[in-house]
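Colleague: Please take a close look at the salt bridges of this model, with attention to where the paired side chains sit and how accessible they are.

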Amino acid sequence: MTDHADPHDVRAFFAARAADWDDRFPDDAPAYAAAIAEMDLHRGDRVLDAGCGTGRALPALREAVGSHGTVLGADLTPEMLRAAVGAGRDGSAGLMLADVTRLPLRDACLDAVFGAGLISHLPDPAGGLAELARTVRPGGRLALFHPVGRAALAARKGRALTPDDLRAEPNLRPLLGGSGWDLVRYVDEDSRYLALAVRRG
């Protein structure tokens, strides 16, 4: 998949891979949990996993916000949500079939958003990030995560890193800034990618 992906192509891409998605990445759970720990979530918080896929982040998000918190998982692909249910992850969150660029949520109703591998699948990254900002209260958090860094991911796919990569800090910082977020932490290592941002108030 490439930047500025068409939603129908995104759905088709993930639908074909949903059944064995977790089998392809069996060792990612600790990386997800570590990234979520850095979001500074609190008991009772309301958090969305945007583009949740098979729900690998949902148990760690539930652990972070506790039984009185709210965890939602939104994904565009029914097959991915069915895989999440099959894995029992619907016990950690409410799942909804939804386009994260048009969320059926009230303004400022969330404390945080987690998005794994999300930005490269948004047809309009600026608009998608602005929609996430709409749903998050001022001071709330956004985590953009991937369990490997940009260079390692490019090498895995046999590609070279390019200067126009949206996930590169010089590109991501103004993109977030124009969408209502301030980038406060950026990590791009072989073992993980994590960009943390705060919703402007």
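Modeller: D111 is buried in this predicted model, with a relative accessible area of 9%. Its side chain meets that of R137 in a salt bridge, with an N to O distance of 2.6 Å. This pair links distant parts of the chain, since R137 belongs to strand β5 (residues 136–146) and D111 to strand β4, 26 residues apart. R137 counts as partly exposed, at 29% relative accessibility.

A salt bridge also joins the side chains of R134 and D107, again described by an N to O distance of 2.6 Å. R134 is in helix α6 (residues 125–135), whereas D107 is in the loop between β3 (94–97) and β4 (110–116), so the pair ties together parts that are 27 residues apart in sequence. At 25% relative accessibility, R134 is partly exposed.

R200 and D182 form a further salt bridge through their side chains, at 2.9 Å from N to O. Here the connection runs between the segment after β7 (192–199), which holds R200, and strand β6 (residues 181–189), which holds D182; the two residues are 18 apart. R200 is partly exposed at 35% relative accessibility, and D182 is likewise partly exposed at 34%.

Beyond these pairs, a network of salt bridges links E38, R185, E189 and R192. The whole structure contains 15 salt bridges.

Technical notes:
Residues are numbered from 1 along each chain as its sequence is written. This is a predicted model: local features need pLDDT of at least 70, side-chain atom pairs count only at pLDDT 80 or more; totals for chains, interfaces and linings use all residues. Side-chain values use heavy atoms; hydrogens and water are left out. A salt bridge is a side-chain nitrogen of Lys or Arg within 4 Å of a carboxyl oxygen of Asp or Glu. Helices (H or I, at least four residues) and strands (E, at least two) are DSSP runs, numbered from the N terminus. Buried means under 20% relative accessible area, exposed over 50%, partly exposed in between (1.4 Å probe, protein chains only).
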